[in-house]
Amino acid sequence: MTVLVFTENWDGKFKKLSFELVSYAREVAEKLNVSVVALSIGEVDEDELKKLGDYGADKIVSITNDHLKTLDNQVYTKVISEVTQKENAKVLILSHNNTGKAIAPRLSVKLKAALGSGLIRLPSEVDPFTVYKKVFTGKAFANVILNSDIKILTLSQNSFKLISSDNKATIEEYSTDIQASDIKTKVTSTDKQTGKLLLTDAEIVVSGGRGMKSSDNWGPIEELAKLLGAATACSRPVSDEGWRPHEEHTGQTGKIIAPNLYIAVGISGAIQHLAGISSSKYIVAINIDPDAPIFEAADYGIVGDAHKILPELISIVKENLS
Amino acid sequence: MRIFVCLGNVPDTTTKAKFTENNSVFDTTGVQWIINPWDELALTRAIELKEDANSSVEKVTVITVGTKSAEPTIRKALAIGADDAIRIDAEPNDAYAVAAQLADVLKDEDFGFVMCGIESCDYNGSAVGGMLSEFLDLPSVSAVAGVEVEGEKVSVSRTIDGGKEIINIDTPFIAIVHKGISIEPRIPAMRGIMMARKKPLNVVEASETELLTDHKSFELPQPKPPCKMIDPENVKELFDLLQNEAKIM
């Protein structure tokens, strides 16, 4: 028996998220007293694959196949379920990101395996198998029992620590039979910015709300973000007004993020916005209105005009971090 | 071409979460029910496509698994512009069971595609759309932020890290959608509300299905310590706290 963890790569490289998943899989496997198999799909070189061992994988199954270059949910489901069976996996772990959300539910049906999605910590018990997750978009948490032989877990990003291991993982190539005709979703064009820090990966996020008054006032937000190595975000009214792109909308129906630090500037903190940021480890609020609900969610707050405070903060950061 | 839109009937997003029976059951007292926000965006796009002369979409049907208490939400979808509705009569307690019940009805229907919101804002399972696709053995695309229909040809735009992909796909398929599919949900007009009363809302019996999950108990978040307020004349203190107390900078 094993725990199988699906580790996605980005142009042949893993990221922190991949190692969080393997660390999590290792801890789940310890509870069940079984080994960890990591599955990688795509061109990843041996040195990169071995990194998965550094976080606790015992074995790495690597699949390279031209038909798997873009994500076809049906074909990925078929391949991952094959490996689940081959490795006799009782728990299958994926990220709760766009890829995980696309394939985990399909695998759940294919393997008749209960799905625990968006988990934020280890299972509290393994018999009955009980997982802990956010519900009502962070307004509550639930203990959910998974009643099936195989269990599928999707882990929320940035919710589990990295645990290094001195495992020397073995690497096994696995080939699978896929025909071009199996691919029903044909990617005809891709429009992608490479090298940009993704909001969901960022450890620090600087975010602006309606209090910024206009898209012309975003300079200091971008400057502070750049200095801190942070991503920029915004509240819903800002993206609805077209001041910022929709990809930056953070909240209930936008992105749900869990950075180490979230700096909310001119954001009142509507319940729908808080839903997107409540998992941040620290929240800083800068707002002119002392009664803004954001101060109830924040750890540190300044009541004042963002247009005065941001430039000051920027010069302090420049003095102290350069 | 006919489009199906799956609807979830969920508590209004401003609802405070409360639980009863020793924290094992969500307390619905005083809760306002709404169309799940992503499903509402999907419905908005479906109706735009029906109105678009270049697309072959001619009928939009909403389908939901729910008890009679979900009917006001279904009527709202009809008022927004759906042509008809199917309610599968069951309590939606488990994503696997809901998807199985939807699949059992949809397998006998003719459609171009089915749209499902990527997540429900109550149990946040992000599961039903993908499960439905697998039950029906149909292709699916998730994180869909746009659907275009030119005659009978359909293409979707999928969000990927740092950008998007355009995907061509043959019908029938399942589109699992999120923000961007439309931006503002459409609001029912008075005429729509009047017409909605006469539109067909068919109730069908739910098939027997297994439940794979059980929400055993709920917890509320721990109250946060009060926010430390910093004098706006002393911004340096914020930096010091972040550096020394939070240990971030």
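**Helix packing and the contact between chains A and B**

The crossing of H3(B) and H4(B) is right-handed. This pair offers a good way into the structure, which is a predicted model. The contact draws on Ala95(B), Tyr96(B), Val98(B), Ala99(B), Ala100(B), Leu102(B), Ala103(B) and Leu106(B) from H3(B), and on Val128(B), Met131(B), Leu132(B), Phe135(B) and Leu136(B) from H4(B). Sorted by class, the residues where H3(B) touches H4(B) comprise 13 nonpolar, no polar and no charged. In chain B, helix H3 covers residues 95-106 and helix H4 covers residues 128-136; the two pack at an angle of about 45°, and their axes lie 8 Å apart. H3(B) is therefore oblique to H4(B).

A second helix pair brings the two chains together. Helix H9 of chain A (residues 306-321) packs against helix H6 of chain B (residues 235-245) at an angle of about 50°, the axes being 9 Å apart. With this angle, H9(A) is oblique to H6(B). The crossing of H9(A) and H6(B) is right-handed. On the chain A side, the residues of H9(A) that take part are Ile309(A), Glu312(A), Leu313(A), Ile316(A), Val317(A), Asn320(A) and Leu321(A). They meet Val235(B), Lys236(B), Leu238(B), Phe239(B) and Gln243(B) of H6(B). Here the contact of H9(A) with H6(B) has 8 nonpolar, 2 polar and 2 charged residues.

Stepping back to the chains as wholes, 82 residues of chain A are in contact with 77 residues of chain B. About 7,000 Å² is buried between chain A and chain B, and carbon and sulfur atoms give 58% of that area. Of the area that chain A buries against chain B, 11% is supplied by Arg106(A), Phe136(A) and Tyr300(A), more than by any other three residues.

Arg106(A) also has a charged partner across the chains: Arg106(A) forms a salt bridge with Glu134(B), with the closest N and O atoms 2.7 Å apart. Between chain A and chain B the count is 7 salt bridges, while the structure holds 43 over all chains. A further salt bridge pairs the side chains of Asp161(B) and Lys15(A), at 3.9 Å from N to O. Asp161(B) sits in the loop between strands E10 (153-160) and E11 (163-169) of chain B, and Lys15(A) in the loop between strand E1 (2-7) and helix H1 (16-32) of chain A, so this pair joins two chains.

Key
Residues numbered from 1 in each chain as written. Chains lettered and ligands numbered in written order. Predicted model: local features only at pLDDT ≥ 70, side-chain atom pairs only at ≥ 80, totals over all residues. Heavy atoms only, no water. Axes fitted to C-alpha atoms, helices over the stretch in contact; angles between N-to-C directions. Helix = DSSP H or I, 4+ residues; strand = E, 2+ residues; numbered from the N terminus. Parallel < 35°, antiparallel > 145°, perpendicular 65-115°, else oblique. Left-handed = near helix turned anticlockwise from the far one by under 90°. Contact = heavy atoms within 4.5 Å. Nonpolar A, V, L, I, M, F, W, Y, C, P; charged D, E, K, R; others polar. Buried area = accessible area lost by both parts, 1.4 Å probe. Salt bridge = Lys/Arg side-chain N within 4 Å of Asp/Glu carboxyl O.
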